[in-house]
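Notebook open, structure loaded. Jotting things down as I look them up.

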Amino acid sequence: MYKRALLIIGLCVSVLSCTSDEENPFLISPTQVGPLKKENKIHQLDSIFQGDSIVRQTSGPQEFRSTDEIKVFSEEGQALMSLEPLQEFDSTSTIGYIRILDARYETKHGVNIKSSFKEIVENYNISRIENTINSAVVFLDEINAYITIDKNQLPTNLRYDTDSKIMASQIPDDAKIKYFMIYWN
């Protein structure tokens, strides 16, 4: 009887340990975004997103192209993410930047593009905040990510000033994410 109980407990523990975060098809971690891994190459995208649509966009005429953006859409046509290679116009390059477009992609703490600033502060350490013309850029080095918050959500004295240092305490708890970016460089 004792051996049987130990066997049942052992099976339960092994089953529970098999359901890890890595099985979440929409997990964002420092080295993963859903099925994408940090070491994946651009030319592997078609096989990684087999059932989805991949749209490669280049802006401007061939000789003046400025970006090599790749968008991934679900089978239903919903935008999932936008990617940029680390080395522009090189299919053997790894992925440099990922813009999250679908709220199903989330971190292990449940932070996604619909999260508030309060949720971010409660779950991650802010590495630094940069003040740009239209946004506050909040860096979360722990997960190789940064989020932007539109300055229209900040106090009036910070909206038109690019020289002031923005502190986390100056960003309202209910401020929404404008862009959720992962960087792998």
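**Strand pairing.** I started with I28 and looked across to the neighbouring strand: the residue opposite is T107 in β8. This is a predicted model, so I keep that in mind throughout. The strand on the other side of that pair is β1, residues 27-29, and β1 and β8 run in the parallel sense, joined over 2 bridges. Next I traced the whole sheet. It is open, has 4 strands in the order β3-β2-β1-β8, and its pairing is mixed. Which strands sit at the edges? I get β3 (36-37) and β8 (106-107), each of which pairs on one side only.

**Confidence.** I checked how far to trust the coordinates. The average pLDDT for the protein is 87, and 83% of the residues score at least 70. Residues 11-21 are another matter: pLDDT is below 50 there, and the stretch has 3 contacts in the model beyond near neighbours in sequence. Predicted coordinates should not be read in detail where pLDDT is low. I left residues 11-21 alone after seeing that their pLDDT is below 50.

**Salt bridges.** How many salt bridges are there? The count comes to 5. I wrote up three pairs.

- R104 with D102: the closest N and O atoms are 2.7 Å apart. I looked up the accessibility of both partners. R104 has a relative accessible area of 38%, so I log R104 as partly exposed. D102 comes out at 2%, which means buried, the cut-off being under 20%.
- E130 with R128: here the closest N and O atoms are 3.2 Å apart. E130 is partly exposed at 35% relative accessibility, and R128 is partly exposed too, at 38%.
- K118 with E122: the closest N and O atoms are 3.9 Å apart. That still passes because the rule asks for a nitrogen within 4 Å of a carboxyl oxygen. Both residues lie in helix α3 (residues 117-123), 4 residues apart, about one turn of the helix. K118 is partly exposed at 40% relative accessibility. Is E122 buried or exposed? I have E122 down as exposed, because its 54% is over the 50% cut-off.

**T148.** I moved on to strand β11, residues 145-150, where T148 has its place. T148 has a relative accessible area of 7%, so I file T148 under buried. What does T148 touch, leaving out residues up to four places away in sequence? My list has S135, A136 and V137, and then K176, I177, K178 and Y179.

**F73.** Last residue on my list. F73 is found in strand β5, residues 68-73. The relative accessibility of F73 is 23%, so F73 goes down as partly exposed, given that buried needs a value under 20%. I then looked at what F73 meets along the chain. D52 is 21 residues apart from F73 in sequence, yet their C-alpha atoms are separated by 5.8 Å. D52 also turns up in the contacts of F73, along with S53 and V55. The other contacts are Q78, A79 and L80, again not counting residues up to four places away in sequence.

**Wrap-up for the day.** Two buried residues went into my notes: D102 at 2% and T148 at 7%. I also have I28 marked opposite T107, and β8 marked as an edge strand.

Terms used:
Residues are numbered from 1 along each chain as its sequence is written. This is a predicted model: local features need pLDDT of at least 70, side-chain atom pairs count only at pLDDT 80 or more; totals for chains, interfaces and linings use all residues. Side-chain values use heavy atoms; hydrogens and water are left out. A salt bridge is a side-chain nitrogen of Lys or Arg within 4 Å of a carboxyl oxygen of Asp or Glu. Buried means under 20% relative accessible area, exposed over 50%, partly exposed in between (1.4 Å probe, protein chains only). Two strands pair if DSSP finds at least two bridges between them. Contact means heavy atoms within 4.5 Å. pLDDT is the predictor's confidence in each residue, from 0 to 100.
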